[in-house]
Amino acid sequence: MSLSFPTTSTASAASTARRRFPDQLRPVLLKAAYARTNQLAQLPPLSDPDDRVAAAHKACVRRILAEIHTALDRMDAGTYGDCVTCGGLIPLARLEHCAWTLDCEPCQRRR
Ligand SMILES: [Zn+2]
């Protein structure tokens with residue numbers, strides 16, 4: 001007697017995984033965008049142009065916010081989860097750790 005299971009090809013499993021990323025991580029990105037936008041709004045204006053720590057902090061929050069928006073745009077375009085450098089799939093664990101990352105770990109290390 002043989003048991004039969006519905007079989008899925010590797011390709012369709014991969015595309016299912018790819019499509020699942022946005023559903024899972026869109027709320028994470030939206031929440032992060034909301035938090036960073038609030039954070040930026042609450043940062044005091046740079047009263048001292050020589051305050052490099054405050055300027056760097058603000059620039060960092062702005063950069064992360066831009067990366068989050070890029071990730072959301074890529075979700076809409078259907079390219080979210082693809083490494084921008086090598087085109088490979090970014091592992092879900094990495095996206096769960098940082099939902100707006102644009103490249104896989106080996107590519108990021110090479111940068
Ligand atoms: Zn890569």
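**Entry 1: the low-confidence stretch**

I began with residues 7-13, where pLDDT stays under 50. For this stretch I found 1 contact beyond four places in sequence. This is a predicted model, and where pLDDT is low, the predicted coordinates should not be read in detail. I left the stretch there and moved on.

**Entry 2: confidence elsewhere**

I looked up the chain as a whole next: its mean pLDDT is 84, and 80% of its residues reach 70 or more. Among the elements, helix H1 (residues 10-42) has the lowest mean, 78, while H4 has the highest, 95.

**Entry 3: overall layout**

How many helices and strands does the protein chain have? I get 4 helices and 0 strands, and reading along the sequence gives α-α-α-α. Of the 111 residues in the chain, 13% are buried. I also checked how far along the sequence the contacts reach. Taking contacts with a separation of 6 or more, I see that 57% join residues 24 or more positions apart.

**Entry 4: helix H2**

I measured nothing by hand here; I read the computed span of H2, residues 52-77. Its 26 residues reach 37 Å from the first C-alpha to the last, close to the 38 Å expected at 1.5 Å a residue. After the helix comes glycine 78, with a positive phi near 80°. Which residues of H2 are buried? My list reads Ile68, Ala71 and Leu72. That spacing made me recall a rule: an α-helix has 3.6 residues a turn, so residues three or four places apart point the same way.

**Entry 5: the core**

The largest nonpolar core holds 12 residues. I noted Leu25, Leu29 and Ala32 in it, then Ile68, Ala71 and Leu72, and further along Tyr80, Ile90, Leu95, Ala99, Trp100 and Cys104. H1 and H2 are the elements that give two or more residues to this core.

**Entry 6: Ile68 and Ala71 close up**

Why does isoleucine 68, in helix H2, count as buried? It counts as buried because it has 22 C-beta neighbours inside 10 Å, and the cut-off is 20 or more. Leaving out residues up to four places away in sequence, isoleucine 68 touches Leu29, Ala32, Ala33, Arg36 and Trp100. I looked up the pair with tryptophan 100: the two are 32 residues apart along the chain, yet their C-alpha atoms are separated by 5.1 Å. With the same exclusion, alanine 71 touches Leu29, Tyr80, Ala99 and Trp100. Leu29 and Trp100 thus turn up in the lists of both isoleucine 68 and alanine 71.

**Entry 7: Leu95**

Leucine 95 sits in helix H3. It is buried, because 20 other C-beta atoms lie within 10 Å. Its C-alpha is 9.8 Å from that of tyrosine 80, 15 residues away along the chain.

**Entry 8: the annotated region and Cys98**

UniProt, in an unreviewed entry, lists residues 83-107 as "zinc finger region: dksA C4-type". In the model, the end C-alpha atoms of this span lie 8 Å apart, and the span is 36% helix and 0% strand. I then picked cysteine 98, which is in the loop between helix H3 (92-97) and helix H4 (105-110). Cysteine 98 counts as partly exposed because it has 15 C-beta neighbours inside 10 Å. Its C-alpha is separated by 9.3 Å from that of leucine 29, 69 residues apart along the chain.

Definitions and conventions. Residues numbered from 1 in each chain as written. Predicted model: local features only at pLDDT ≥ 70, side-chain atom pairs only at ≥ 80, totals over all residues. Expected span 1.5 Å × (residues − 1). UniProt positions renumbered as here; feature names shortened; annotations may be inferred. Contact = placed C-beta atoms within 7 Å. pLDDT = per-residue confidence, 0-100. Core = buried A, V, L, I, M, F, W, Y, C linked by C-beta atoms within 7 Å.
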